[in-house]
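Please find below my notes on this entry, set out as numbered points. They begin with a question on one side chain and then move through the rest of the chain.

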Amino acid sequence: AAQGYNPFGGACFAPVYEPPHCNGIDDGEVREGFKIPCGRGRDGPSTIISGVGYSIALLVSPATTGVTFGMMYRHVFRQER
């Protein structure tokens, strides 16, 4: 769990830390013998940052594709006139 924010290679996000020993334990509590608090990664700032990042990616990618295709169509249309 302490390996960082890229547990799946290229996906950069903060995974929620919920191992089996955290069942029935409140977020933020640290069980005896462990160092990482249960529920780590579910706090407000990391959730908000992840949401904003995904929203930007989901909105910017189609918009960029649409604008690019529109520019290509316009260029070809003008050439064939």
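1. Does Tyr-73 count as buried or exposed? In this predicted model, Tyr-73 has a relative accessibility of 60% and therefore counts as exposed, the cut-off for that class being over 50%.

2. Tyr-73 also takes part in the 1 aromatic pair that the structure holds. The ring centres of Tyr-73 and Phe-77 are 6.1 Å apart and the planes of the two rings meet at 20°, so the pair is classed as stacked, given that planes under 30 degrees apart count as such. Both residues belong to helix α1, where a spacing of 4 residues, about one turn of the helix, separates Tyr-73 from Phe-77. Phe-77 is partly exposed, because its relative accessible area is 48%.

3. On the overall make-up, the protein contains 1 helix and 0 strands, and helix α1 covers residues 44-80. Of the 81 residues, 12% count as buried, while the accessible surface comes to about 6700 Å², with 63% of that surface belonging to carbon and sulfur atoms. Among the contacts with a separation of 6 or more, 28% are between residues 24 or more positions apart.

4. A further point concerns the nonpolar surface. Ile-48, Val-52, Ile-56, Leu-59 and Val-60 form a nonpolar patch there, and together these side chains account for about 490 Å² of accessible area. Val-60, one of the members of this patch, is located in helix α1 and counts as partly exposed, because its relative accessibility is 43%.

5. As to covalent cross-links, a search of the whole structure finds 1 disulfide, which is formed by Cys-22 and Cys-38 with their sulfur atoms 2.0 Å apart. Both cysteines lie in the segment before α1, so the pair ties together parts that are 16 residues apart in sequence. The torsion about the S-S bond of Cys-22 and Cys-38 is about -75°, and the disulfide is therefore left-handed.

6. How buried are the two partners of that disulfide? Cys-22 has a relative accessibility of 8% and so counts as buried, and Cys-38 is likewise buried, with a relative accessible area of 2%; the cut-off that applies to both is under 20%.

7. Finally, His-21 deserves a look alongside the cysteines. His-21 lies in the segment before α1, and it counts as buried because its relative accessibility is 17%. When neighbours within four places in sequence are left aside, the residues in contact with His-21 are Arg-31, Phe-34 and Cys-38, and one of these, Cys-38, is a partner in the disulfide with Cys-22.

Key
Residues are numbered from 1 along each chain as its sequence is written. This is a predicted model: local features need pLDDT of at least 70, side-chain atom pairs count only at pLDDT 80 or more; totals for chains, interfaces and linings use all residues. Side-chain values use heavy atoms; hydrogens and water are left out. Patches are made of residues with over 30% relative accessible area and no salt bridge: like charges are joined within 9 Å, nonpolar side chains (Val, Leu, Ile, Met, Phe, Trp, Tyr) within 5 Å. Accessible areas come from the Shrake-Rupley method with a 1.4 Å probe; for residues, only the protein chains shown count as cover. A salt bridge is a side-chain nitrogen of Lys or Arg within 4 Å of a carboxyl oxygen of Asp or Glu. Helices (H or I, at least four residues) and strands (E, at least two) are DSSP runs, numbered from the N terminus. Buried means under 20% relative accessible area, exposed over 50%, partly exposed in between (1.4 Å probe, protein chains only). Rings of Phe, Tyr and Trp (its six-membered ring) pair if their centres lie within 6.5 Å; planes under 30 degrees apart count as stacked, over 60 as edge-to-face and the rest as tilted. A disulfide is a pair of cysteine sulfur atoms within 2.5 Å. Contact means heavy atoms within 4.5 Å.
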